[in-house]
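Student: I have a chain open in my viewer and would like to know how its labels are earned. Could we go through them together?

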Amino acid sequence: MELTAAKMIGAGLLALGMMGAAIGIGLIFAALLQGIARNPAMQKTLFTNAIIGAALAELMGLACIGIAAYLVFV
């Protein structure tokens, strides 16, 4: 019984990783808008870097979800 409870608590705590990824993506795009407002000529470069950063942040969130699913179902 304790092992199952520990698995569920661990999976719930891993859900916080997805929240961190969402906050990170929000900060990335806020900085993107601020950078474009300051220097519109760099829009293409800034957007490319923001997309790469958002993809990496999302990857970390999805890794947390994957580990949580593994804990729950195995």
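Tutor: Gladly! Let us start with a cut-off: buried means under 20% relative accessible area, exposed means over 50%, and partly exposed is in between. Keep in mind that this is a predicted model.

Student: Why is Ala50 called buried?

Tutor: Ala50 has a relative accessible area of 6%. The limit for buried is under 20%, so Ala50 is buried.

Student: Where does Ala50 lie, and what is Ala50 in contact with beyond its neighbours within four places in sequence?

Tutor: Ala50 lies in helix α2. Apart from those sequence neighbours, Ala50 is in contact with Ile28, Phe29 and Leu32. Ala15 makes a useful reference point: Ala50 and Ala15 are 35 residues apart in sequence, and their C-alpha atoms are 24 Å apart in space.

Student: What makes Phe47 partly exposed?

Tutor: Phe47, also placed in helix α2, has a relative accessible area of 43%. Partly exposed runs between the 20% and 50% cut-offs, so Phe47 is partly exposed. As for distances, the C-alpha atoms of Phe47 and Ala69 are separated by 32 Å, with their positions 22 residues apart along the chain.

Student: And why is Leu16 called partly exposed?

Tutor: Leu16, found in helix α1, has a relative accessible area of 47%. That value falls between the 20% and 50% limits, so Leu16 is partly exposed.

Student: What makes Leu16 eligible for a nonpolar surface patch?

Tutor: A patch residue needs over 30% relative accessible area, and Leu16 has 47%. Leu16 makes the patch with Ile9, Leu13, Met19, Ile23 and Leu27, and the patch area is about 630 Å².

Student: How do you know that the length of α1 agrees with its number of residues?

Tutor: The expected span is 1.5 Å times one less than the number of residues. For the 37 residues of α1 that gives 54 Å, and the end C-alpha atoms are 55 Å apart, so the two agree. For α2, with 31 residues, the reach from first C-alpha to last is 44 Å, close to the expected 45 Å.

Student: Which residues of the two helices are buried, and what do they pack against?

Tutor: In α1 they are Ala11, Ala21, Ile25, Leu32, Gly35 and Ile36, and the buried residues of α1 pack against α2. In α2 they are Ala50, Ala54, Ala57, Gly61, Cys64 and Ala68, and the buried residues of α2 pack against α1. The chain has two helices and zero strands.

Student: How does the radius of gyration compare with that of a compact globule?

Tutor: A compact globule of 74 residues would come out near 11 Å, but the chain has 17 Å. Along its principal axes, the C-alpha trace spans about 60 × 15 × 10 Å.

Student: What share of the chain counts as buried, and what supplies the exposed area?

Tutor: Of the 74 residues, 16% count as buried. The chain exposes about 5,300 Å², and carbon and sulfur atoms supply 78% of that area.

Conventions. Residues numbered from 1 in each chain as written. Predicted model: local features only at pLDDT ≥ 70, side-chain atom pairs only at ≥ 80, totals over all residues. Heavy atoms only, no water. Patch = residues over 30% accessible without salt bridge, like charges linked within 9 Å, V, L, I, M, F, W, Y side chains within 5 Å. Areas by Shrake-Rupley, 256 points an atom, 1.4 Å probe, with all protein chains shown as cover. Salt bridge = Lys/Arg side-chain N within 4 Å of Asp/Glu carboxyl O. Helix = DSSP H or I, 4+ residues; strand = E, 2+ residues; numbered from the N terminus. Buried < 20%, exposed > 50% of the residue type's maximum accessible area, 1.4 Å probe, protein only. Contact = heavy atoms within 4.5 Å. Rg over C-alpha atoms; globule rule 2.2 N^0.38 Å.
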